[in-house]
Amino acid sequence: MRPIRHILAPTDFSPSADQAVRTAADLAVKFAADLTLLHIVAPQYYLPEMGEPMMPAMEDLTETLVASAKSRLAELAAMLQPEPRCVVEVSLRKPADAVCHYAAGHGIDLIVIGSHGRTGLMHLLLGATSEHVVRYADCPVLVTKLERNG
């Protein structure tokens with residue numbers, strides 16, 4: 001087993017992602033590893049049918065979403081301090097592809113990702129980012145499940 005020096009924790013700021021980030025931070029401290037928090041902003045597509053005036057609005061929306069994500073990631077990273085050393089990143093891709101692409105290109109040793117635990121039709125309609133990451137990532141993936149009280 002290779003040493004764990006760099007952990008990736010993708011987040012959509014949901015409760016299950018928050019739990020995965022906490023787990024990733026604990027592991028980063030235990031292994032003296034770096035931690036990257038990654039948020040993915042879904043691409044905002046411009047369709048010609050929307051009319052030419054909508055193109056700048058879509059670009060502005062993307063810029064606003066990226067700026068907001070960076071701000072939230074910075075707040076999240078600050079809550080984890082003083083350890084582990086934390087980097088924040090925002091990607092503009094499909095979520096599962098973004099996670100795998102980032103991990104492959106940045107020497108990630110472990111991905112810690114939360115699962116929403118959807119099943120059946122909701123799983124088919126909304127996709128399964130964590131499942132895709134488990135299948136296609138080049139490094140080990142730890143999937144955390146949201147703890148439920150009760």
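This report describes the fold, the sheet, the helices and several single residues of one protein chain.

The structure is a predicted model, in which local features need pLDDT of at least 70, side-chain atom pairs count only at pLDDT 80 or more, and totals for chains, interfaces and linings use all residues. Residues are numbered from 1 along each chain as its sequence is written, and side-chain values use heavy atoms, with hydrogens and water left out.

## Overall fold

The chain has 5 helices and 5 strands. Helices (H or I, at least four residues) and strands (E, at least two) are DSSP runs, numbered from the N terminus. Along the sequence these elements follow the pattern β-α-β-α-β-α-β-α-α-β. Of the 150 residues in the chain, 37% are buried; buried means under 20% relative accessible area, exposed means over 50%, and partly exposed lies in between (1.4 Å probe, protein chains only). Among the contacts with a separation of 6 or more, 78% come from residues 24 or more positions apart, where contact means heavy atoms within 4.5 Å.

## The sheet

The 5 strands of an open sheet stand in the order S3-S2-S1-S4-S5, with parallel pairing. Two strands pair if DSSP finds at least two bridges between them. The edge strands, S3 (86-91) and S5 (141-145), each pair on one side only. From one strand to the next, the twist averages 25°. Angles run from 0 to 180 degrees between N-to-C directions, and axes are lines fitted to C-alpha atoms, for helices over the stretch in contact.

Strand S2 (residues 34-40) runs parallel to S3 and is joined to it by 6 bridges. Within this region, Leu38 stands opposite Glu89 in S3. Helix H1 packs on the sheet, where it touches S1 (6-10), S2, S4 (110-115) and S5, and its direction makes about 155° with that of S4. Helix H5 also packs on the sheet, touching S4 and S5, and its direction makes about 155° with that of S4.

Ser91 belongs to strand S3. With 13% relative accessibility, Ser91 counts as buried. Leaving aside residues up to four places away in sequence, Ser91 touches Leu38, His39, Ile40, Val41 and Ala98.

## Helix H1

Helix H1 (residues 15-31) has 17 residues, which at 1.5 Å a residue should span 24 Å; its end C-alpha atoms are 24 Å apart, which agrees. The expected span of a helix is 1.5 Å times one less than its number of residues. Which residues of H1 are buried? They are Ser16, Ala17, Gln19, Ala20, Val21, Ala24, Ala25, Leu27 and Ala28.

## Helices H3 and H5

Two packed helices are described by the angle between their axes and the distance between the axes. Helix H3 (residues 95-105) and helix H5 (residues 129-136) pack at an angle of about 35°, and their axes are 8 Å apart. Their crossing is right-handed; a crossing is right-handed if the near helix is turned clockwise from the far one by less than a right angle, and left-handed if anticlockwise. H3 contributes Pro95, Ala96, Asp97, Val99 and Cys100 to the contact, while H5 contributes Thr129, His132, Val133 and Tyr136. By class, this contact has 6 nonpolar, 2 polar and 1 charged residues. Ala, Val, Leu, Ile, Met, Phe, Trp, Tyr, Cys and Pro count as nonpolar, Asp, Glu, Lys and Arg as charged, and the others, Gly among them, as polar.

The buried residues of H3 are Ala96, Ala98, Val99, Cys100, Tyr102 and Ala103. Their cover includes S1, S2, S3, S4 and H5.

## Loops and backbone features

The table lists residues with a positive phi.

| Residue | Place | Phi |
|---|---|---|
| Phe13 | loop between S1 and H1 | about 70° |
| Ala32 | loop between H1 and S2 | about 55° |
| Gly107 | just after H3 | about 65° |

Phe13 and Ala32 take these values although Phe13 is not a glycine and Ala32 is not a glycine. Is Phe13 buried or exposed? At 15% relative accessibility, Phe13 counts as buried, whereas Ala32 is exposed, with a relative accessible area of 70%.

Pro84 is placed in the loop between H2 and S3, and the peptide bond from Glu83 to Pro84 is cis, with omega near -5°. Pro43 lies in the loop between S2 and helix H2 (54-80) and counts as partly exposed, at 26% relative accessibility. Pro43 touches Leu92 and Arg93, not counting residues up to four places away in sequence. Pro43 and Pro95 are 52 residues apart along the chain, and their C-alpha atoms are separated by 10.0 Å.
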